[in-house]
Amino acid sequence: RRQNREWTIAHNAVVTRAEGVHALARAAMDQPGSWAEGVVAVACPGGGLEADFDVEGLTPRDGEAHVGRLTFVVDETATDTQLGVALGMPRDLDGDGLISNPDVRATARILPVIARARWKGVRGDAQIAHPFVAIGH
């Protein structure tokens, strides 16, 4: 039961983060400047492409400060194998017909994101990943 509870907490945490990114993506469409830059800037206030988060009820793995991490993929050349999830990568994220741009923040119309939770569970280390795509119209 405790293991099921952990998985439910982790699943709810990553889905909640995904819903938050979708809300940011909708709101950023009305803002001046690049859509993807706006989404990433709000979600990752430190200026990078990742943002850590805590999950109440779960303990971070040994050596890690947080349970959750939100990762934005802006490199069209990244592969699903490199990312460790199925997102259909590499992929044209900015609609220019090419998959060669290593940073599409300024031009992206599609923004792949990975929400992960990694925790120290009742049966050892556990993790869940929720890959998804935010779309700017």
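Colleague: Let's start with H130. Which strand is H130 found in?

Modeller: H130 sits in strand β4, which covers residues 124-135. Keep in mind that we're looking at a predicted model.

Colleague: Okay. Is H130 buried, exposed or partly exposed?

Modeller: For that you look at the relative accessible area. H130 has 26%, so it counts as partly exposed.

Colleague: And which residues does H130 touch, if I skip those up to four places away in sequence?

Modeller: Its contacts are V14, A18, V113, I114 and A115. Sequence distance and distance in space are two separate things, by the way. H130 and V85 are 45 residues apart in sequence, yet their C-alpha atoms are 8.3 Å apart in space.

Colleague: How do I read a strand such as β1? Which of its side chains are buried?

Modeller: Here's the general idea: in a regular strand, side chains alternate between the two faces of the sheet. Now the case here. In β1, residues 50-53, A51 and F53 point to one face and are buried. E50 and D52 point to the other face and are not buried.

Colleague: What about its partner strand? How many bridges join β1 to β2?

Modeller: There are 4 bridges, and the two strands run antiparallel. You can follow them residue by residue: D52 has R69 as its bridge partner in β2, and F53 has G68.

Colleague: Where does β2 go from there? How many bridges join it to β3?

Modeller: β2 and β3 are joined by 5 bridges, again in an antiparallel arrangement. One spot to look at is L70, which stands opposite A115 in β3. As for cover, 4 of the 5 residues of β2 are buried.

Colleague: I also see a loop between β1 and β2. Is E56 in that loop buried or exposed?

Modeller: E56 is in that loop, yes. Its relative accessibility is 76%, so it counts as exposed. Try the distance trick again: E56 and A10 are 46 residues apart in sequence and 9.3 Å apart in space, C-alpha to C-alpha.

Colleague: Now the helix at the start. What span should α1 have?

Modeller: You multiply out a rise of 1.5 Å a residue. For the 27 residues of α1 the expected span is 39 Å, and its end C-alpha atoms are 39 Å apart, so the two agree.

Colleague: Which residues of α1 are buried?

Modeller: First the idea: an α-helix has 3.6 residues a turn, so residues three or four places apart point the same way. In α1 the buried residues are E6, I9, A10, A13, V14, A18, V21, A25 and A28. The elements covering them include α2, β1, β2, β3 and β4.

Colleague: What is in the largest nonpolar core?

Modeller: In soluble globular proteins, nonpolar side chains tend to be buried together. Here the largest nonpolar core has 41 residues, and those with the most contacts inside it are V21, W35, V39, F72, L83, L111 and W119. Two or more residues each come from α1, α2, β1, β2, β3 and β4. α1 gives the most, with 8 residues. Take V21 as an example: beyond its neighbours within four places in sequence, V21 contacts V39, L70, F72, V113, F132 and A134.

Colleague: How many aromatic pairs does a search of the whole structure find?

Modeller: It finds 1. W7 and W119 are arranged edge-to-face, with 5.1 Å between centres and 75 degrees between the planes.

Colleague: Why does that pair tie together parts far along the sequence from each other?

Modeller: W7 lies in helix α1 and W119 in strand β3, so the pair links parts that are 112 residues apart in sequence. W7 is partly exposed at 33%, while W119 is buried at 0%.

Colleague: What does the side chain of S34 reach?

Modeller: S34 is in the loop between α1 and α2, and at 17% relative accessibility it counts as buried. Its side chain reaches the backbone oxygen of R105 at 2.6 Å. A polar atom of that side chain also lies 3.2 Å from the backbone oxygen of A106.

Colleague: Last one: which residues does a cis peptide bond join?

Modeller: Most peptide bonds are trans. The bond between M89 and P90 is cis, with omega about 0 degrees. You'll find P90 in the loop between α3 and β3.

Key: Residues numbered from 1 in each chain as written. Predicted model: local features only at pLDDT ≥ 70, side-chain atom pairs only at ≥ 80, totals over all residues. Heavy atoms only, no water. Buried < 20%, exposed > 50% of the residue type's maximum accessible area, 1.4 Å probe, protein only. Pairing = 2+ DSSP bridges. Contact = heavy atoms within 4.5 Å. Core = buried A, V, L, I, M, F, W, Y, C linked by side-chain atoms within 4.5 Å. Expected span 1.5 Å × (residues − 1). Polar contact = N/O pair within 3.5 Å; in protein donor to acceptor, adjacent residues only side chain to side chain. Phe/Tyr/Trp six-rings, centres within 6.5 Å; stacked < 30°, edge-to-face > 60°.
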